[in-house]
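Trainee: I would like to learn how to read cavities, sheets and buried residues in a model. Could we start with the cavities?

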Amino acid sequence: MKLVRFMGSVWFGTCVAIAMLCGSGLTARSETISECQTLFRTGKYAECLAATTTAIESKSYGEDWPILKAQSELALGRFPEALATTIAGLDRYSWSVRLLMLRRDAALANGQKETADESLKAIVTLVSASSWRYTDADDLVVLGRASLLLGADPRDVQEGFFERARRNFKTRSDGFLAAGQLALDKGDLLLAGEILGPAAKTFPDDPEIQFAWSEAIRGTNKKTSAEALIRVLEINPQFAAAICRVAEQQIDGEDYAGAEMTLAKVLAFNPHHPESHALLAVIRHLKNDVAGEQASYSAAVQFSKTNPAVDHLIGRKLSAKYRFSEGAAYQRKALETDPAYEPARIQLAQDLLRLGEESEGWELAQLAHKNDGYNTTVFNLLQLQKSLDKYQTLTSPHFIVRMEKKEAQLYGVRVISLLEEVWVQQSERYGYAPDQPVIVEIFSRSDDFAVRTFGMPDVAGFLGVCFGPVITANSPATRRETPASWESILWHEFCHVTTLQMTGNRIPRWLSEGISVYEERRRDKRWGQSMNGEFRDRILDGKVTPVSQLSQAFLTAESGEDLNFAYFESSMVVEYFVDRFGLDALIAVLNDLNTGLQINDALERHSQGLAEFESSFGEWLKQQAQAYAPEAVFKTEELREIAQGGSAALQEYLRENPKSFPAGLVLAGQYISEEQYETAEVLLKELIVLAPQDTSSNGPRRLLATIYEKQGKTEAEATVLAEHLALTADDLGAILRLQQIRSDRGEFAGVIELGRLVLAVDPFQTESLELMANAAKESGDAETAALTLESLLVLRPDDAARIHYRIADLVRTSDPARARRHVLLSLSTAPRYRDAHQLLLELAH
């Protein structure tokens, strides 16, 4: 156990002993105090201040009176008055550790660090002299806080103070809140949730518990977190932290006007609230309002210029907007103010790593871990560093690529080739090329990707992320159950490199995502989001987000379908803009963003007015939707219940709704399961005519191919699969099946082409590599065959002798030295391999 010695006493050990040995309980407070506590809890700070002031003036006894008065003054932004109240209260209640801790908080709010430090020393002195006094829940929490501030081991504090308060005072929220908050501070959201979840049920009317619970699950359960946040504001409409959280969400969604209105609610009752002014500084920074930013910043630090939390908050929010350089600058300011402020050091480390400034970033992470060994964010980062140290680094003129060694051998050359291709194309199109090599990290473990990208594991739903100079991506190894083209992912992310760097990271998310998806489709029409039945219905039902609010669509998406539609709609805005006004107009918008112009102003300047653009885009998008399967009906609301009635119910439904695409699919599936293949074939051909652009892996073409496979109609099956794969690049099952058919029919060029498509989705498919190698050999392409076998060698090390021999045999004429190397490797694995000995003899001559 780590001990903190102060003034000759073993501080932490003494306090733990007190917590363990002493009994419980203060006597019940008076009803008047209870009423004032209710006033404070429900946000009636002015009323609480008035009542406590009257009580103190009338000489009412009890430390709660000055505590509630000072808390009300702090909540109202009356920081000097709050400090004076605590000082006066201590004249009467000199034994109160709660008042001393509150004096410390008030002193810091006034920028008086020395007074704050003196308060902490006074707590130590009191507890050392009269430990028997401090056994109530709120006293234990104060002692725990003091221990942490003096450097005690957080685990010991959690167990010795906060857990003690929870165990002995189950009807008091103090211990639960302190324990949960400590877990939150250390980034241990799982532990925080375990503590605060039950507490939120036990204390449904405690706004602090509800807010902490909301924070604990904000990243994992948005719906419940939002409900808890609403509950906080129902209990206490003036709960400043909750109001600021709402404002942060509005900032994330680029609703800056809404955020300013939200923050005005806090400033109406607390005109000096530092966090509110800090968030206003963020908004003004993002709007390129330099004077406004400085004014808000000055207001934030008006009473305490030594408060590092202001700079940290501003920097954190700027980094959340991908303004990492500006965010890092604010974290450096926070550390100049307080070199021991670890949240700023941790955020700065992450900012620098995302900027590619890795040496300093890792150094800061190591220092943060040394200073705070319990912070899970830093721990996860350092575990990630160990993984990255084992990765292989590939370099090219414009890229530094890090991959797991086996994967680098398997498809690393293809990664480099694709990246250099997109570099050339995007540089030519947009007239911009990054001046430094771009770092690309491809992670074979999804948790490593999540930590590198988001600072925490267990973040699902992302294939890749770009920070500007750095791209992170999940390897195909992490997506084998739901394969997707890694080539399209890297193409998409490099397009972000271009747009982020062109605009100094000032581009709104929707436009950056829209350009990336648009450029994906330009490279390969099968990539990126395209019109489908669900998107068509959303558009025709009027569920389209206005262009000016598109970034919010990414933030408020409640499902994967919502998020996909946000990507699709954004890309269609870009497509329409370029088709109508030209690529040069889009480049001009990006250049305007780089100067600090806001997106709506930039669009206004380079279109025929934003209002007209939004209106005409809406009409154009509706036309695109109407052109997609115009006669088909994609609604499924009634279908689930009807499908339970079997084929007869579905047949009846289709007679009444002959254009129902999903009903037709379900019925066709039932026909197939009943081996009514001819009936299913007729229906599926009708569905293909009804929705010819359908790309789903369980759509009519795929079902029709299944029928033909069962019937042995290989030629018809191949035709249908080829039609299907002309529309999608991600259906691995279809690719593999068609490749096998092509191989069986000796169509070697098709086998090689499909093999390359497999490599772009799942490079770990050994049978596909075998087919590709054989096809290349049979078609006389020895080099492609040899390279394919070298990939196969990575996946089949137990068959190394035979594969090395096959490679040597392929290149014996074109590259004898290479052949000799491979045949020797074959013999090193299997010394008695006769064919290899014979080949070596032939090579020697």
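Mentor: Yes. The model is a predicted one. The largest cavity is lined by W510, L511, V573, V574, F577, L586, V589, L603 and F613.

Trainee: How is empty space found, and what volume does the largest cavity have?

Mentor: Rolling a probe the size of a water molecule over the atoms shows where empty space is left. Here the largest cavity has a volume of about 50 Å³.

Trainee: Which helices supply at least two residues each of that lining?

Mentor: They are α26 (509–523), α29 (560–581) and α30 (583–594). Of the elements around the largest cavity, α29 gives the most to the lining, with 3 residues. Sorted by class, the lining has 9 nonpolar residues, no polar ones and no charged ones.

Trainee: How many cavities of 30 Å³ or more are there?

Mentor: There are 2. The second largest holds about 40 Å³ of space. Y411, I442, A473, N474, P476, W486 and L490 line the second largest cavity. Strand β7 (470–474) and helix α25 (486–502) each supply at least two residues of this lining. By class, the lining of the second largest cavity has 6 nonpolar residues, 1 polar residue and no charged residues.

Trainee: Now the sheet. In what order do the strands lie?

Mentor: Strands of a sheet pair through backbone hydrogen bonds, either parallel or antiparallel. In this model, 5 strands form an open sheet in the order β3-β4-β5-β7-β6, and the pairing is mixed.

Trainee: Why is one side of β3 and of β6 left without a neighbour in the sheet?

Mentor: β3 (392–396) and β6 (464–466) stand at the edges and each has a single partner strand, so one side of each has no neighbour in the sheet. On average, neighbouring strands of this sheet are turned by 15 degrees against each other, direction ignored.

Trainee: How many bridges join β4 to β5?

Mentor: β4 (residues 399–403) and β5 (residues 438–443) run parallel and are joined by 5 bridges. For example, I400 has I439 in β5 as its bridge partner. Helix α25 packs on the sheet, where it touches β4, β5, β6 and β7. The direction of α25 makes about 15 degrees with that of β6.

Trainee: Last, a single residue. Is Q426 buried or exposed?

Mentor: Residue Q426 counts as buried because its relative accessibility is 1%, and the cut-off for buried is under 20%. Q426 is placed in helix α23 (residues 405–430). Leaving aside neighbours within four places in sequence, Q426 is in contact with G431, Y432, W491, F494, C495, T498 and E519.

Methods: Residues are numbered from 1 along each chain as its sequence is written. This is a predicted model: local features need pLDDT of at least 70, side-chain atom pairs count only at pLDDT 80 or more; totals for chains, interfaces and linings use all residues. Side-chain values use heavy atoms; hydrogens and water are left out. Helices (H or I, at least four residues) and strands (E, at least two) are DSSP runs, numbered from the N terminus. Buried means under 20% relative accessible area, exposed over 50%, partly exposed in between (1.4 Å probe, protein chains only). Contact means heavy atoms within 4.5 Å. On a 1 Å grid over the protein atoms alone, a cavity is a set of points where a 1.4 Å probe fits but cannot get out, and a pocket is an open set with protein on both sides within 12 Å along at least five of seven lines; lining residues have an atom within 4 Å of a point. Grid points are joined across faces, edges and corners, and a volume is the space filled by probe spheres set on the points. Ala, Val, Leu, Ile, Met, Phe, Trp, Tyr, Cys and Pro count as nonpolar, Asp, Glu, Lys and Arg as charged, and the others, Gly among them, as polar. Two strands pair if DSSP finds at least two bridges between them. Axes are lines fitted to C-alpha atoms, for helices over the stretch in contact, and angles run from 0 to 180 degrees between N-to-C directions.
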